[in-house]
Structure formats: C-alpha cells, structure tokens
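Please look over the sequence and the three-dimensional structure shown here. The report that follows goes through a selection of local features, one group at a time.

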Amino acid sequence: MMSYAFDVVSQGELLVDFTPYGLSDQGNVLLETNPGGGPCNVLAMVAKLSGRSAFVGKVGDDFYGHFLSNRVSSQEIDVSGVVYDAHAFTTLAFVHLNEEGERHFSFARKPGADSLLTQSDIPVHVLDAAKIFHYSSVALSVEPARSAMKFSVEHTCEKGKLLSFDPNYRPLLWSSEQEAKEQIRYGFSHCNILKIAEDEIVFMTGLTDVRMAVDKISTDYPNIAIIFATRGKKGCLTYAKNADVPIWIQTDTFTQVKTIDTTGAGDIFIGYCLYVIAKRMSLNFSKAELQEMVVHANAAASLITTRKGALCAVPTREEIDRLADEQSNAFSTEKEIGEATV
C-alpha cells in the first residue's frame, strides 16, 4: 500500500484577518489580529482531528508573514511549503461583522504576497505526499498565483490524487464576474469533492432552487463525486454520486449556538469532511455514513461561529461529538429529498 505523509495538502492564501474587537476609549473600532485564509483554516480542522496536513503558499518576509507561519506551525500544520517574498507585503483582510455575526471583507492585496506564488515556488514532493489536494478560487483570481495553482491542480490530477474545491468567491478580488466564473468553472472541472455556499450556487448557475442547481453542476461536471451545498442557518444539502443510486441528504444546522463570527465556518465544515474521506480513502458512502459525517461537520462549523477567528479556535473532536450527539434528534434529522426544503 502506498504511504502518504499527509492526509490533506492545501495551496493558496495565508493572510491576516483583522477582526472587530470592541471599541477604544475614543470610540474607535479595535481590531484583533487573527491568522486567516481558507486553506489553512481547512488544514487546522484536519490537524485538530490528528490528521496530517501541509500548506503551500507565499507570505511577505515581514512581521505578519513570520507571525502567520509560526501560528500555522503551532497548529501542527507542516509549513515547509511556505515561501517568503522580500518585495511584497503579507496580504491583509479586514473583516466587517453585522449584528448576526455575518461577515464581509475588504483586502489589502495589490499585490499581496500570496498572489505572487509561482510554479517554481511549489514543492512538488509535498503535493506528491498528499492523499487529498484542496484548493479555492482565491489563488485563481490573479497571476502568477493562477498559473501556479493550475500547475498544482493538474499535477495532482495526473498523480491520481483526490481533489477538493471550494470556490470561496470574494467579488473584491476579481476584475470581473465573467473572469471569476471562468476560473471557478476550471475549479469545478478538476475536483472530485465540491464544497459550495448557497450564494455561490446562485452566482454560478443562476438557479435559486438549490437541489436543481446541485443537479445541474453534477450533470455538467461528472468528475464531481460529492457536492456539499452549505446554506448557513439552513444547514447543508449533500449529494453523493454513488455507484448504485445517488444519495441526497438534507441536514439541519445547530441554530441553538450563539453565533458571533461566521468567518471560517465553511472551511471548518469541509476540513472535517476531508479528514474523514482521507482516512477512508474512498468517496463511496452509505447513506448512514454520509449522514454521520455531515452532521459532525455541521457541528464543527457551528462551534467555530461561537468564537472569534478560525485557524486558532478550531473545536476539538470531543466538543464536536458532544454537540452532534446531544442534538442529533432535534437538529440533525435526515430527510428524504422529497421532504427537504431546498
């Protein structure tokens, strides 16, 4: 049997999330410095579950770049694939929260170091040591990071790895919606596992009926074996293209938790799922197995919304199991697709 050093390797952005943290005595907004970026949030969940993970990306050779690398390493994520750029600042993101904890972003990235990753920066031996390669569209939004990402995607495809894609669409990072859709379609065309948020489903398909949209994506991209359509407080609609009969499951989320910051919830969700898939080394699930995985992933995502930041606030396996088990009857009801509200 082939030996793998890593369960999941992810490539892309590593940045600082400046998150609101109250007001100063003068009434000015205080910001907390949180390590951020979807790829490492995903890996932090894998690592918290005792999985092996590694990150590939570029930061500035500056205070924040070294701060980020140290914080990621402290989460037991391999950072041998991190490159330091002496000529560009580490990318900064400013998180804006509404009263319900829903977030919006603005970025200091013109250019940010993450966008300057090149093919020559990529440690191919790290990619080759992975069971699963996870990526998003952020790195596809600008060159040279776009070409570097496409190299890694196509290399891992050729090596027979499982590929996981999360569009993670951030409009401010793109020159046009058309360009974003083109690159997200590229992501669709190479992945086996897709995690996509409800607003991204509408953006990419024009359909507001989630089931119809998922069905369309599955038909248009037969390479995708599992689709997780995450819907915030409305839970998740999961589709699995099993060999016999496709599986559809609607799982509810855990609305009883007190949400203060939704940053990273989708990353934590897919991180949990990728850990399970990596340990199984298979995309074939029974309905009960798929249900169990998604319920626990929902619990993990719900817990992260009760905390500021994501990467360094990932819930433990015990916390996840406790929430999932306590509320399994009331909040994790399996529904036939005909009963699901989608």
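## Charged pairs

At 3% relative accessibility, Asp-166 counts as buried, where buried stands for under 20% relative accessible area, exposed for over 50% and partly exposed for what lies in between, with a 1.4 Å probe and protein chains only. The model is a predicted one, in which local features need pLDDT of at least 70 and side-chain atom pairs count only at pLDDT 80 or more, while totals for chains, interfaces and linings use all residues. Residues are numbered from 1 along each chain as its sequence is written, and side-chain values use heavy atoms, with hydrogens and water left out.

Side chains of opposite charge can pair when their charged atoms come close. A salt bridge is taken to be a side-chain nitrogen of Lys or Arg within 4 Å of a carboxyl oxygen of Asp or Glu, and by this rule the count comes to 13 salt bridges. Three of these pairs are set out below.

| Salt bridge | N to O distance |
|---|---|
| Lys-279 and Asp-7 | 3.3 Å |
| Lys-195 and Asp-166 | 3.6 Å |
| Arg-280 and Glu-289 | 3.5 Å |

Helices (H or I, at least four residues) and strands (E, at least two) are DSSP runs, numbered from the N terminus. Lys-195 belongs to strand β10 (residues 193-197) and Asp-166 to strand β9 (residues 162-166), so their salt bridge ties together parts that are 29 residues apart in sequence. Lys-195 is buried, at 5% relative accessibility.

The pair of Lys-279 and Asp-7 links distant parts of the chain, since Lys-279 lies in helix α8 (residues 265-280) and Asp-7 in strand β1 (residues 6-11), 272 residues apart. Here Asp-7 is buried, at 0% relative accessibility, whereas Lys-279 is partly exposed, with a relative accessible area of 42%. In the third pair, Arg-280 is partly exposed at 33%, and Glu-289 is partly exposed at 34%. Salt bridges that share partners also join Asp-7, Arg-52, Lys-131 and Lys-279 into one network.

## Aromatic rings

Rings of Phe, Tyr and Trp (its six-membered ring) pair if their centres lie within 6.5 Å, and planes under 30 degrees apart count as stacked, over 60 as edge-to-face and the rest as tilted. A search of the whole structure finds 11 aromatic pairs. One of them is the stacked pair of Phe-63 and Phe-67, with 6.4 Å from centre to centre and 5 degrees between the planes. Both residues lie in helix α2 (residues 63-74), four residues apart, about one turn of the helix. An α-helix has 3.6 residues a turn, so residues three or four places apart point the same way. Phe-63 counts as exposed, at 63% relative accessibility, and it belongs to one aromatic cluster with Phe-18, Tyr-64, Phe-67 and Phe-94.

A charge sits over a ring if NZ of Lys or CZ of Arg is within 6 Å of the ring centre and within 35 degrees of the ring normal. The charged end of Arg-280 sits in this way over the ring of Phe-285, 4.0 Å from its centre, and Lys-150 lies over the face of Tyr-186, at 4.6 Å from the ring centre.

## Backbone details

A cis peptide bond, with omega about -10 degrees, joins Lys-110 and Pro-111, and Pro-111 is placed in the loop between β7 (103-108) and α3 (124-128). The peptide bond from Glu-143 to Pro-144 is cis as well, with omega near 0 degrees, and Pro-144 is placed in the loop between β8 (130-136) and α4 (145-158).

Ser-50, which is not a glycine, has a positive phi near 75 degrees, and it lies in the loop between α1 (38-48) and β4 (53-60). Glu-76, also not a glycine, has a positive phi of about 65 degrees, and it lies in the loop between α2 and β5 (77-85).

## One face of a helix

Which residues of helix α10 (residues 317-326) are buried? They are Ile-320, Leu-323 and Ala-324. Seen down the axis of α10, these buried residues fall within an arc of 95 degrees, so they line one face of the helix; the arc is that of the directions from the helix axis to the C-beta atoms. On the other side of α10, Glu-318, Asp-325 and Glu-326 are exposed.
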